[in-house]
Amino acid sequence: MRTERIRLGTLVTPLSRRRPWKVARESVTIDHLSGGRLVLGVGLGDGNDAAFTDFGETSDLRTRARMLDEALEVLAGLWSGRPFSFEGEFYRVKEITLLPPPLQRPRPPIWVGGIWPRKGAVRRAARWDGASFYKLPGETLSDEMTAEDVGALKASIQAFRKNDAPFDIVIGGNARRGDWEAERLLIRSAAEAGATWWVEWVPPGEPGAMLQCITCGPLRFDA
C-alpha cells in the first residue's frame, strides 16, 4: 500500500498444481492493485513437496513440465483481453474473454525457474521473459551460479530466443557470510556477465524471515 516502484511477485508458482484460469484472475488483480508491477515466477515445483505427494498431485517431472507449458499458454491467452480458447492434453478452455486485462502489455513478465544447465528448462525460459536458475548441490563443483554460469546461460538463452525483447537473468543466494567484499565481487561479476536481478535468501529463523523470505533487486552498478 505504501510502495510505488518495487516489483511484486513469486518465486516460484508451481503451475502444475494450480488452475491456470484462477492464477490468471489472481495475477491480474495484483497487477492492477500495484499499478502494473507484477512479475510472475513459475516452475515445476519440488516433486517431493508434501503439497504434491500427500494430495495426489502428479510428481512426475515430464508430466509436470508438459502441464507447465500448457498452463503458460493458457495464462498468456487469458491475459490478452481478447477472445481465447484452448484444447490441450491437460487443460481445456471454451472461448472466453477475461476482463479486465493486466495493466502491463502485452502481459506481466514471466520468469521461469529451473536447474542449470538442464536444456529443457533453458528452452522453456527462453520462450518467456526471464530465467531464475540455480544449481543442485552435488551436480556441479558449486551450487552457486557463478559469472561463468551466467555467461553460459545468457548465450544459451540467446540461441533459443526468437526476438530481442528484454530478458531477465535472476540469480541469488544467502550473501550474509561475513566476507562482504567477496559478495560484492560475486554479484558485480554476475551482473557484468549478464545477470539483471539478485535474489537474497533469508533462511527461516533469522531476523526478518517472518516478514520476508527473499528480497530481490535489479543489478545496477552505474551509479
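Helices here are DSSP runs of H or I at least four residues long, numbered from the N terminus. With that in hand, let us walk through the chain, keeping in mind that this is a predicted model.

Start with the overall picture. The chain has six helices and nine strands. Of its 223 residues, 41% are buried. The chain exposes about 13,300 Å², and carbon and sulfur atoms supply 54% of that area. If we take the contacts between residues at least 6 apart in sequence, 59% of them join residues at least 24 apart.

Now move to the beginning of the fold. Strand β1 covers residues 8–14 and strand β2 covers residues 38–43; the two run parallel and are joined by five bridges. To get from β1 to β2 the chain passes through α1, and this β-α-β crossover is right-handed. If you would like one pair to look for on screen, find Thr 10, whose bridge partner in β2 is Leu 40. While you are in this region, look at the backbone between Leu 11 and Val 12, where the peptide bond is cis, with omega at about -15°. Val 12 belongs to strand β1. Another cis peptide bond runs from Leu 99 to Pro 100, with omega near 0°. Pro 100 sits in the loop between β4 (92–96) and β5.

Helix α1, residues 20–33, is worth a closer look, and Ile 30 is found there. Together with Ile 6 and Leu 8, Ile 30 forms a nonpolar patch on the surface, and the three have about 230 Å² of accessible area together. Ile 30 itself has a relative accessible area of 39%, so it counts as partly exposed.

The same topic, helix α1, brings us to the salt bridges. A search of the whole structure finds eight of them. One joins Glu 26 to Lys 22, with the closest N and O atoms 2.4 Å apart. Why do these two side chains lie on a matching side of the helix? An α-helix has 3.6 residues a turn, so residues three or four places apart point the same way. Glu 26 and Lys 22 are four residues apart in α1, and therefore about one helical turn separates them. Glu 26 is partly exposed at a relative accessible area of 35%, and Lys 22 is partly exposed at 48%.

A second salt bridge reaches across the sequence. Arg 127 pairs with Asp 69, and their closest N and O atoms are 3.0 Å apart. Because Arg 127 lies in the loop between α4 and β6 while Asp 69 is in helix α3, the pair ties together parts that are 58 residues apart in sequence. Arg 127 is partly exposed, with a relative accessible area of 46%, and Asp 69 is partly exposed at 25%. These two residues also belong to a network of salt bridges that links Asp 69, Arg 124 and Arg 127.

Arg 124 leads us into helix α4, residues 119–126, where it is one of the buried residues, along with Ala 121, Val 122, Ala 125 and Ala 126. What covers them? The cover includes α3 (61–79), β5 (110–115), β6 (130–134) and α5 (147–160).

From α5 we can pick up another salt bridge, between Asp 149 and Lys 135, with the closest N and O atoms 2.7 Å apart. Asp 149 lies in helix α5 and Lys 135 in the loop between β6 and α5, so this pair ties together parts that are 14 residues apart in sequence. Are these two charged residues buried or exposed? Both Asp 149 and Lys 135 are buried.

Our last stop is Gly 194, in the loop between α6 (180–193) and β8 (197–201). Gly 194 has a relative accessible area of 15%, and because buried means under 20%, it counts as buried. Setting aside its neighbours within four places in sequence, Gly 194 is in contact with Val 150, Lys 154 and Ile 169. Gly 194 and Lys 154 are 40 residues apart in sequence, yet their C-alpha atoms are 6.5 Å apart in space.

Conventions. Residues numbered from 1 in each chain as written. Predicted model: local features only at pLDDT ≥ 70, side-chain atom pairs only at ≥ 80, totals over all residues. Heavy atoms only, no water. Patch = residues over 30% accessible without salt bridge, like charges linked within 9 Å, V, L, I, M, F, W, Y side chains within 5 Å. Areas by Shrake-Rupley, 256 points an atom, 1.4 Å probe, with all protein chains shown as cover. Salt bridge = Lys/Arg side-chain N within 4 Å of Asp/Glu carboxyl O. Buried < 20%, exposed > 50% of the residue type's maximum accessible area, 1.4 Å probe, protein only. Pairing = 2+ DSSP bridges. Right-handed = clockwise from strand over helix to strand, strands pointing away. Contact = heavy atoms within 4.5 Å.
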